[in-house]
Amino acid sequence: MVGPLKDFSFFHSGCFKCCVCGSRLSLRTYYHSQHDQEDKEVYCISHVPKPGPGHLDGSAVGIRSALNVPKSTTFVNEQIRASGKGTLDLESLHIRSNSRGENGSPAFDGAGPTSQANVTNKGTPGHNYGRFDASALHIAHALRATQIQKAYKKEKPLHTYLPKEEQTELEMKFRKEEDILYRKFEKARKEEEARIHAEFREEWERELDKLASKFESLRAQEDPHTINKLRARERDELERHMTIRRDKKREQITRKLLEHERAATAALVEKQSKEMLHLINERKREWFARGGGSDDEEGLSSELESFPYPQNPPPPSPPATRKTHIYTDPVEFTDIDQIAISVAQEDQKTFTDLVRKLVSRCGTDVEKARTIFRWITVKNLNAMDFSEDVRTDTPMGLLRGIKQGTESYHVLFKRLCSYAGLHCVVIKGLSKSAGYQPGVKFTDSRFRNSWNAVYVAGGWRFVQCNWGARHLVNAKERASKSDSLRYEYDDHYFLTDPKEFIFEFFPTTTEWQLLKRPITLAEFEELPFVRSLFFRYGLYFPQGQSCDGVTNSHGDVISHCKAVMTTDQSGAATVRIGMPPQMEGCLIFHYNLKSYDNESDTFDGVSLKRFVMQSVTPPVVSFRTHAPASGAFLLDVFANAVTPREYLTGEPMKFKSVCKVKIECGTLSTVMVPLPDCASGEWGPAKANRLFGLIPLTHPDPLIFSGREVAIDFSMSRPLTDFMATLHKNGTDEKKLAKFISQSVRNSEVSFSIQFPEEGQYGLDIYTREIDTADVPTTSNGKQLLTHCCKYLINSSKRNATPP
């Protein structure tokens with residue numbers, strides 16, 4: 001079957017032909033009548049009925065031409081919304097709320113299954129960020145195709161100009177070369193194993209002779225039974241010691257051999273990739289010389305020009321466009337990703353079969369790179385079970401390099417790209433990977449890494465398959481057993497922009513930074529330690545940090561924050577993170593503070609979290625840290641995008657790290673005390689306003705200076721009930737402070753009155769819940785639980801009292 005078509009009909013594959021000339025059609029080449037909307041027949045480009053003069057209708061005005069005009073803004077194609085009869089308007093299709101955020105900006109959507117796809121905007125229930133409703137707009141596939149094609153040109157399928165048999169023949173030649181290489185690897189390993197065995201065998205014999213001579217001289221002086229026991233004990237100790245040495249020696253030799261094998265494999269793949277690309281380019285050139293594409297549908301030949309993709313790999317240079325000019329949402333690759341997922345469920349015996357299944361429906365170089373990237377991230381190669389006797393002509397034998405550790409994800413990605421006709425390189429360098437902490441210097445080989453750059457969309461783009469790959473996880477909410485697995489991956493590491501990639505990866509070769517103004521290794525070490533989620537949420541470091549920021553040798557500011565921050569004499573340092581407007585209403589932050597050296601999270605029995613004050617003043621979230629003592633500390637900032645509804649239900653929220661900063665404190669001029677033991681999280685009323693619609697009337701800041709009494713008032717923008725407040729003070733029992741707080745609710749206003757028993761620093765927690773909320777959790781007796789709303793830090797002193 002072929003379909004569904006644009007009208008959601010299906011055709012038998014043998015009957016999917018032009019009704020006029022009978023030529024075979026595909027989903028990319030068929031047309032419906034532009035003259036009669038009731039006509040369900042399919043046509044080729046030459047015979048599709050077209051409206052003549054005076055016959056304009058909705059289909060003639062045309063979705064195809066409207067979709068392909070240049071976009072006048074980043075997010076809405078104004079040509080679609082033009083006035084006049086027969087045009088399409090987003091409001092008339094009831095999708096404006098889904099296509100744009102409340103303030104007119106694009107709604108955020110993260111990278112694939114791991115992102116918060118259903119985050120509500122400004123507290124609006126059920127609002128899906130950036131999602132078009134297929135039932136409201138039946139041209140979603142056309143929109144995706146248009147979006148993906150806007151930054152680069154179409155490509156003809158590989159089978160158009162290169163027969164599969166010819167490509168397979170070249171691959172078989174490659175397979176023989178690899179067989180020879182792997183036999184050399186096996187021979188070298190056996191020779192080294194034999195050499196180690198012989199070396200230690202000789203040493204063992206020598207040591208046994210020494211041991212025998214030693215106890216032979218003692219035999220006349222000691223009891224034979226005692227001598228035998230001592231001899232047996234020393235022999236066992238000698239055997240244990242030599243076994244440890246032999247295993248260490250074997251491990252060292254194996255590591256050196258593996259490095260040699262990886263280098264030899266990479267060199268062979270480099271050679272074979274050039275040969276494969278040469279074959280593809282030659283056949284493509286011959287195809288064009290024979291007039292290929294001259295009668296191509298949709299005017300594709302004009303888009304292809306004479307030779308659309310460069311024959312030779314261009315020199316490294318910064319890409320002319322950003323990733324967002326290629327695509328703004330991974331959903332645009334839904335169809336392509338599904339191909340990769342489907343192919344990953346099967347096994348192929350040749351790379352030719354594999355790549356052709358992956359790219360057969362890809363119309364652009366970006367789509368080719370995408371489906372290869374997704375196949376690797378889905379396949380989960382590290383978890384594949386390889387039997388010891390696997391043959392090279394089997395599906396598992398195809399990936400024997402992965403099995404033996406001689407071929408990395410990066411080399412495999414390069415290999416598959418060459419079979420698809422794409423230029424790809426493996427880049428070596430350093431990365432801020434597992435085990436790295438901000439402030440660490442790259443003085444050894446611990447953080448060596450490799451990644452790829454692939455030439456697509458008219459420029460070199462970074463791809464990191466290892467970091468983009470995730471494992472399969474159970475999706476309990478799915479009832480179907482066949483659909484019980486969800487594929488997770490990190491879209492950030494596909495075509496990553498160089499200005500973001502440089503925060504985590506530093507290439508050995510400067511030009512492969514792909515930056516107009518490259519940076520040095522020292523500058524790379526100074527960059528703050530951020531993770532992919534930092535960029536997925538659109539976070540940034542605003543100006544005004546308590547450090548000078550990182551600039552390159554040309555004076556360009558790379559980051560307004562450094563990896564290592566120094567406190568002032570009071571032990572204070574502030575880390576500020578900016579949020580884009582569309583994320584201010586849904587981002588929740590958390591933090592952790594621990595000792596940099598021993599990872600302890602307490603100081604004198606007090607949690608180090610109580611030495612950090614988190615507050616939000618849109619669009620900035622601040623983490624004010626007061627070091628309790630001199631030394632180094634590690635501040636880890638976490639984030640998650642949630643809806644107010646998700647927060648109010650009390651469901652556990654998973655926070656992921658977005659950045660880490662090392663905080664160094666020299667000498668302290670004052671003794672720092674911990675903050676009152678309030679609920680964790682941010683201080684101030686911004687949270688109450690954002691999640692509960694509770695608007696502060698009297699105190700908009702998290703810090704309050706007051707006399708011996710204070711009144712804090714709020715206005716409710718939606719119904720809330722069961723308010724509760726708790727007061728905290730270091731060294732004072734919370735229960736004793738309860739009588740000093742009172743609250744009152746009048747109409748839509750709520751007021752909290754506090755009379756402090758003594759001067760000092762207090763923390764105030766406020767809790768509430770919405771009225772009649774069915775999904776709010778309850779206690780064992782059925783009473784609904786309250787949710788933390790906000791908290792204040794209050795300094796009470798007579799000096800702060802307002803004069804009468």
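Which residue in E25 is the bridge partner of Asp713? To find out, follow the strands of this model, which is a predicted one. Strand E22 covers residues 709-716 and strand E25 covers residues 749-755. The two pair in the antiparallel sense, with seven bridges between them. Look along E25 and you'll come to Ser751, the bridge partner of Asp713.

Stay with Ser751 for a moment, since E25 has another neighbour to meet. Strand E24, made of residues 741-746, also pairs with E25 in the antiparallel sense, this time over six bridges. Here Ser744 has Ser751 as its bridge partner. So Ser751 is matched with Asp713 and with Ser744; as a rule, side chains in a regular strand alternate between the two faces of the sheet. E24 and E25 form a hairpin with two residues between the strands. In that hairpin, Asn747 takes a positive phi, near 55°.

Asn747 isn't alone in having a backbone angle worth a look. Head back along the chain to Leu514, in the loop that runs between strand E7 (505-507) and helix H16 (521-526). Its phi is near 55° as well, a positive value in a residue other than glycine. Is Leu514 buried or exposed? Leu514 is buried, because its relative accessible area is 2%, and the cut-off for buried is under 20%.

Further on, the loop between strand E13 (587-595) and strand E14 (602-603) holds Glu599. Glu599 has a phi near 60°, again positive in a residue that isn't glycine. Keep going and there's a peptide bond to check out: Pro618 and Pro619 are joined by a cis one, with omega at about 10°. Pro619 sits in the loop between strand E16 (612-617) and strand E17 (620-626).

Now for the empty space inside. The structure has six cavities of 30 Å³ or more, and the largest of them holds about 60 Å³ of space. Which residues lie nearest the centre of that largest cavity? They are Glu178, Phe351, Leu398, Arg400 and Arg415, out of ten residues that line it. Sorted by class, the lining has five charged, three nonpolar and two polar residues.

Two helices are worth picking out around this cavity. Helix H5 (164-218) and helix H12 (400-404) each supply at least two residues of the lining. H5 gives the most, with three residues.

Note on methods
Residues are numbered from 1 along each chain as its sequence is written. This is a predicted model: local features need pLDDT of at least 70, side-chain atom pairs count only at pLDDT 80 or more; totals for chains, interfaces and linings use all residues. Side-chain values use heavy atoms; hydrogens and water are left out. Two strands pair if DSSP finds at least two bridges between them. Helices (H or I, at least four residues) and strands (E, at least two) are DSSP runs, numbered from the N terminus. Buried means under 20% relative accessible area, exposed over 50%, partly exposed in between (1.4 Å probe, protein chains only). On a 1 Å grid over the protein atoms alone, a cavity is a set of points where a 1.4 Å probe fits but cannot get out, and a pocket is an open set with protein on both sides within 12 Å along at least five of seven lines; lining residues have an atom within 4 Å of a point. Grid points are joined across faces, edges and corners, and a volume is the space filled by probe spheres set on the points. Ala, Val, Leu, Ile, Met, Phe, Trp, Tyr, Cys and Pro count as nonpolar, Asp, Glu, Lys and Arg as charged, and the others, Gly among them, as polar.
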